[in-house]
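Colleague: Could you show me how to read a model like this one? I'd like to start with a single residue.

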Amino acid sequence: MNNANTSIIPAIGRALMAAIFVMSGIGKLLAPAATIGYIASSGLPFATAGLAVAIAVELGGGLLLALGIQTRLVAAGLAAFSIVTALAFHHAIGDQNQMIHLLKNIAMAGGLLQVVAFGAGAYSFDNRRAVTGNRQPA
């Protein structure tokens, strides 16, 4: 077994990437009116449904990513979510703050695509299932 198969680094990376999603999901859960208003002000329809989707994706996806459950699929979904939200909410690149948020979302998508490519790592539920089921680790 090589260092990549036993390292704690992928688990730390997943936790760090998941933190922004989990915190954002909790924030939306605690202040739904503010989020609904922001979605509506961006001109998107069905703001209340958008809030529910955002909470599910951010909170659910973030927790699944941190734990390493269905990691590649979850990371792909979070990457797509990051790109969509970047383009929908942070497209005013003349505003330096919006440009930073746009680039942050794009960078997060890039990191998540690394997880898609290389899997969850040794310390994950995906790896535990693979080892106990004699399948290739995720």
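Colleague: So where is the place of S82?

Modeller: S82 sits in helix 5 (a helix is a DSSP run of H or I, at least four residues, numbered from the N terminus). Keep in mind that this is a predicted model: local features need pLDDT of at least 70, side-chain atom pairs count only at pLDDT 80 or more, and totals for chains, interfaces and linings use all residues. Residues are numbered from 1 along each chain as its sequence is written, and side-chain values use heavy atoms, without hydrogens and water.

Colleague: Is S82 buried or exposed?

Modeller: Buried means under 20% relative accessible area, with a 1.4 Å probe and protein chains only. S82 has 1% relative accessibility, so S82 counts as buried.

Colleague: What is S82 in contact with?

Modeller: Contact means heavy atoms within 4.5 Å. Skip the neighbours within four places in sequence, and S82 touches F21, N105, M108, A109 and L112.

Colleague: F21 is in helix 2, right? Which residues of helix 2 are buried?

Modeller: They're A11, R14, A18, F21, V22, G25 and K28. Helix 3, helix 4, helix 5 and helix 6 are among what covers them.

Colleague: And how does helix 2 run?

Modeller: Helix 2 has 22 residues and reaches 32 Å from first C-alpha to last, close to the 32 Å expected at 1.5 Å a residue (that's 1.5 Å times one less than the number of residues). Look at A18, too: a kink of about 30° is centred there. The bend is the angle between axes fitted to the seven residues ending at a residue and the seven starting there. A18 is also one of the buried residues of helix 2.

Notes. Helices (H or I, at least four residues) and strands (E, at least two) are DSSP runs, numbered from the N terminus. Buried means under 20% relative accessible area, exposed over 50%, partly exposed in between (1.4 Å probe, protein chains only).
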